[in-house]
Structures are given as C-alpha cells and as structure tokens.
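Subject: A structure to look through

Dear colleague,

I am handing over a structure for you to read alongside the notes below. Please keep it open while you go through them, and turn to each place as it is named.

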Amino acid sequence: MAYRSGRVSLALITALLAGPSGAADQPRGAPGSNPIVRDMFTADPAPLVVGNRLYLYVDHDEAKDGEMFTMREWLVYSTTDMKTWTSYPAILKVSDLKWAKKDAWAPQAIGKNDKFYLYVPVEHDDTHPGKAIGVAVSDKPTGPFVDARGSALITNDMTPKGRHSWDDIDPTVLTDADGTSWIAWGNGNCYLARLKPNMVELDGPILDITPPSFVEAPWLHRRSDLYYLTYASMDRAKQQKDERVSYATAPAITGPWTFHGELTGPAKNSFTIHPGIAEFKGRSYLFLHNAALTIGNQKGALGRRAVNVEHLRYNPDGTMRPVVQTTAGVSIPPR
Ligand code: CA
C-alpha cells in the first residue's frame, strides 16, 4: 500500500478518485503528467528544494459556483522524483493569523536559520484595511507553521503608491549570495525590500522594481550570476484579456532589469497564472496553474485551479526558452 506514517500517496488518491466512472472526464495520465494534484483544487505553486526532496507550497481553492475565490488554508506536497507526490495536513490557516480576516492567497516558503519561513498574503482586519503579508515559521518544511510576529510584516498602508487595496500580495523571497534575504511582492506595482537576518522584519526602504506589463505573482530566482524576476503579465497594447508569464533579468537583485518578454502563453481556462521556478536533481522546472481540472461535477474555474509543472530550459546566454503548457508535463523528458 502507498499509505505511510500518516502521509497518503497522491497517486493512490488519484487512482481511487478517478475510478472507473471518473476516468472518462479526468484521464489518469502517466506519473508526472499534469495536473499534479487531482483530488483538490490548488493554485499558486511555490517550490522549495530541501536536500533530496522538493516541497511544493500551494493555496487551496474551495470556490463553489457563483463564488470568485474561497481560500482558507495553505498546503504542501513533496516529491523525490517529480512523479510521485506526498500530501500532508494543512500547514497554516487564515484563522491561525489573529489579525487576518480571509483570503489565503499565494504563499512562498524559504529555509534559513535552521528554520522555514512561510510568507503569505491575506486580507487584514480593519486596523489595516486591504491585503497584507504575514510570515509564519516552522522547524520543518511541512509545518505546522505558526505566526512569527503576531502581526503583519507588510500592510497596505506601507505602500501608498498602490492605487488599490490589494497591491500587497504574492510574496517571493530570495537569499542572495552574500546571505542577505530579499522579499518582492505586488499587484500592479512590484515592490522589493531587504529582510533583516531574523526574516520577520523589513530592513530599509521599499523599492519599486515594476517591470513591463507587470500584473502580479513575482518570482525571484538566481542562476549563476544572473537574477530573474518572473511574473504574471498582461500586455495592454495587445489588449490581452488574461495573464501570461513574462520575465526580466539583472546582474544584481536591485537591477538594472532587462525585459525579455513572454515565457508562456495564457493558462487553460484561467484568467490568472503564477510562476514558480526550481532546480532539482540537475533539471529545471517551471510550476504554473491552470483551471483545466474537473473533480466530480465541479469544473475548473477562476477560483478552482490546478497546479502543473513543465520542464524549463535555458539558452547559453541565460535567457529562458519559451515554455508550452502541456498535459504530458514532466512525464516525458525535456525536449
Ligand atoms: Ca499598498
């Protein structure tokens, strides 16, 4: 059996759920094919490699028909081979953050100081109206995580440049070669700030690094000496009606950033898209979400998404090759 010490194999759940009757509308697919999670709607994938294992942090879409987003908690899955995934109990809920009201949106986790820090956007209570970003801490990548501050790390009023109340979402965290950790985030504007070594306070001013066509979902990563800012974009000049993934690179995290255009097209059936990038066991991966999953009589929707993964390849000059979103995913080698 695939049950092991409280962890349940996703492959087994998928097989049980698909069953003979479900097989028609939700093909089971080969291990490594998309979507990764098939028994729940999940979105905003954020990978973290710890030793021999890749952890994938997501949020949990529970929107019923007529609801836009209903999201109460954050989840994590892990794998050692990119094909078989292990699930865990919820690692953090909005209700664990006493100052938060709702909206467990796009998370990202990072390891530092022998701990793991989970950065999460939520709707703040009326003391700081609007979206805010909190940070929770755990000794393990699989949690449970606890509020590290008892208050938000970033509140809407700290970034008055934002013209709406939800500009402070979608945190991404990167530790630079010198050990300094940085956090970027934003919707409409892309902000960047240094974190103190304790990881739970900002250190210095909030910078604006908004790249062309930026909408939301920034993802920072570094490869050799090049820094990447990958994000959900919409090119207004082309009258795009849904998000793509675009990216920029820079020789330092503070810039200057060079825009490289679109990395992907839009996600199937989904207005939003959200990149997460990792190197794992010698290969590169781009995690995304779409809304192509059907579970029972619930079809994919704006608030019922599914996380996916594709191979990511770089050109010799460090630029990333365009990624086509597939059902095969990483069930087949990179081409
Ligand atoms: Ca703001």
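Serine 213 sits in the loop between strand 15 and strand 16, and its phi is near 65°, which is a positive value in a residue other than glycine. Please keep in mind throughout that this is a predicted model. Most residues other than glycine have a negative phi, and most peptide bonds are trans. Serine 213 has a relative accessible area of 23%, and because the range for partly exposed residues begins where buried ends, at 20%, it counts as partly exposed.

Aspartate 44 also has a positive phi, near 55°, and is likewise a residue other than glycine. Aspartate 44 belongs to strand 2, and with a relative accessible area of 8% it is buried. Strand 2 as a whole is mostly covered, since eight of its 10 residues are buried. Strand 2 runs antiparallel to strand 3 (residues 53-61), and eight bridges join the two. Together they form a hairpin with two residues between the strands, and glycine 51, in the turn, has a positive phi of about 60°. At this hairpin, valine 50 has arginine 53 in strand 3 as its bridge partner.

Two peptide bonds deserve a look as well. Glycine 143 and proline 144 are joined by a cis peptide bond with omega about 5°, and proline 144 lies in the loop between strand 10 (131-138) and strand 11. The bond from glycine 255 to proline 256 is also cis, with omega near 0°, and proline 256 is in the loop between strand 18 (244-250) and strand 19 (258-264).

Next come two open sheets. Strands pair in a sheet through backbone hydrogen bonds, and the pairing is either parallel or antiparallel. One sheet has four strands in the order 12-13-14-15, with antiparallel pairing, and its edge strands are strand 12 and strand 15 (207-208), each of which pairs on one side only. Strand 12 is joined to strand 13 (residues 181-185) by four bridges, and leucine 174 stands opposite tryptophan 182 in strand 13. Alanine 184 is also found in strand 13, where it is buried, with a relative accessible area of 0%. Although alanine 184 and isoleucine 206 are 22 residues apart along the chain, their C-alpha atoms are separated by 9.3 Å.

The other sheet has three strands in the order 20-21-22, again with antiparallel pairing. Strand 20 and strand 22 (306-312) each have a single partner strand, so one side of each is left without a neighbour in the sheet. Neighbouring strands here are turned by 30° against each other on average, direction ignored. Five bridges join strand 20 to strand 21 (residues 283-290), and glycine 276 stands opposite phenylalanine 287 in strand 21.

Which residues supply the protein donors of the calcium ion? They are Asn156, through O and OD1, Thr159, through O and OG1, Asp167, through two OD atoms, and Asp168, through one OD atom, and these donors lie 2.2 to 2.7 Å from the ion. Along the chain, the donors follow the spacing N-x2-T-x7-D-D. Asparagine 156 and aspartate 168 are 12 residues apart, and each is in the loop between strand 11 (146-147) and strand 12. Both asparagine 156 and aspartate 168 are buried.

Finally, there are the pockets. The largest pocket holds about 490 Å³ of space, and of the 26 residues that line it, the closest to its centre are Phe69, Trp105, Asn187, Glu216 and Thr272. Its lining divides into 13 nonpolar, five polar and eight charged residues, and the largest share, three residues, comes from strand 16 (residues 214-223).

The second largest pocket holds about 360 Å³, and the closest to its centre, of the 16 residues in its lining, are Leu174, Leu220, His221, Ile277 and Ala278. Strand 16 gives the most to this lining too, with four residues, while the strands that supply at least two residues each include strand 2, strand 12 and strand 20. By class, this second lining has 11 nonpolar, three polar and two charged residues.

With best wishes

Terms used: Residues are numbered from 1 along each chain as its sequence is written. This is a predicted model: local features need pLDDT of at least 70, side-chain atom pairs count only at pLDDT 80 or more; totals for chains, interfaces and linings use all residues. Side-chain values use heavy atoms; hydrogens and water are left out. On a 1 Å grid over the protein atoms alone, a cavity is a set of points where a 1.4 Å probe fits but cannot get out, and a pocket is an open set with protein on both sides within 12 Å along at least five of seven lines; lining residues have an atom within 4 Å of a point. Grid points are joined across faces, edges and corners, and a volume is the space filled by probe spheres set on the points. Ala, Val, Leu, Ile, Met, Phe, Trp, Tyr, Cys and Pro count as nonpolar, Asp, Glu, Lys and Arg as charged, and the others, Gly among them, as polar. Donors are N, O and S atoms within 2.8 Å of the metal (3.2 Å for Na, K and Ca); water is not among the atoms, so sites may look incomplete. Buried means under 20% relative accessible area, exposed over 50%, partly exposed in between (1.4 Å probe, protein chains only). Two strands pair if DSSP finds at least two bridges between them. Axes are lines fitted to C-alpha atoms, for helices over the stretch in contact, and angles run from 0 to 180 degrees between N-to-C directions.
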